[in-house]
Amino acid sequence: MSPLTPEESQRYKRHLVLREVGGQGQQKLKAARVLIVGAGGLGSPVLLYLAAAGVGTLGIIDDDTVSIDNLQRQVAHGTPDAGRPKVESAADAVRRLNPLVTVETHNKRLDPSNALDIISRYDIVADGSDNFATRYLVSDACYLAKKTLVYAALGPLDGYVSVFKPHETQSDGLPYPSLRCVFPEAPPAGLVANCSEVGVLGPVAGVIGTLQATEIVKEIAGVGESLAGKLLIYDA
């Protein structure tokens with residue numbers, strides 16, 4: 001791990017004096033590569049807080065463009081960004097917040113032809129997608145690539161967060177569960193409505209995305225107790 005520069009030491013000094021992080025933890029954050037799947041309601045707070053925390057490289061994958069009705073919850077984007085690719089708008093937001101962070105943009109949809117290749121380039125994956133097909137694709141690719149997945153999902157007034165790392169073992173010697181251990185298959189089509197149909201309370205996306213970012217920082221820096229093997233449920 002490379003040492004922190006004077007500029008980094010100044011920027012991250014609240015982490016450096018935090019006993020649970022300190023210099024070694026901040027160096028781990030600097031060396032880390034995190035992929036954020038989706039630059040929307042969850043991805044926005046995740047990428048902003050990870051950038052602020054000094055995660056060295058952030059990858060953002062999304063094939064969508066910013067629209068005005070996104071802005072009620074997708075706080076990485078602004079009104080002038082309407083019509084722009086979300087990855088470009090999100091990358092600009094990261095650079096404004098912390099120019100010391102490297103941003104890698106993937107203006108495409110994650111699909112079976114590219115998922116394993118893209119995910120293999122990163123240490124940790126944050127799933128901020130909004131559909132079951134992508135969630136299972138991300139989970140399966142992380143399983144095959146042996147990458148830790150920090151998972152989150154939103155409902156209209158609720159949300160869910162967990163950490164899936166089945167490539168590591170628990171204290172009893174058994175592997176940690178994967179997404180498919182908890183949810184073996186997606187619900188039937190049409191059973192769960194999406195946010196365009198039922199809506200979502202904007203700040204709930206912020207709460208869940210911030211919890212997701214916290215778990216990512218914990219996993220990288222080795223802080224506290226992992227959510228692996230647990231499912232956090234938030235009901236507003």
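Let me start with helix 3, residues 22-31, where Gly22, Gly25, Gln26, Gln27 and Leu29 are buried, buried meaning under 20% relative accessible area with a 1.4 Å probe and protein chains only. The cover over these buried residues includes helix 2 (13-16), helix 4 (43-53) and helix 10 (202-221); helices here are DSSP runs of H or I with at least four residues, strands are runs of E with at least two, and both are numbered from the N terminus.

This is a predicted model, in which local features need pLDDT of at least 70 and side-chain atom pairs count only at pLDDT 80 or more, while totals for chains, interfaces and linings use all residues. Residues are numbered from 1 along each chain as its sequence is written, and side-chain values use heavy atoms, with hydrogens and water left out.

Turning to the interior, the largest nonpolar core has 38 residues, and those with the most contacts inside it are Val34, Leu50, Leu58 and Ile216; such a core is a set of buried Ala, Val, Leu, Ile, Met, Phe, Trp, Tyr and Cys residues joined through side-chain atoms within 4.5 Å. Among the elements that give two or more residues to this core are strand 1 (33-37), helix 4, strand 2 (57-61) and helix 10. Apart from this core lies another, of 20 residues, including Leu35, Ile61, Ala115 and Tyr151.

If we take Val34 and leave aside its neighbours within four places in sequence, its contacts, meaning heavy atoms within 4.5 Å, include Leu50, Leu58, Tyr122 and Ile216.

For the whole protein chain, which has ten helices and seven strands, 48% of the 236 residues count as buried.

Note on methods. Buried means under 20% relative accessible area, exposed over 50%, partly exposed in between (1.4 Å probe, protein chains only).
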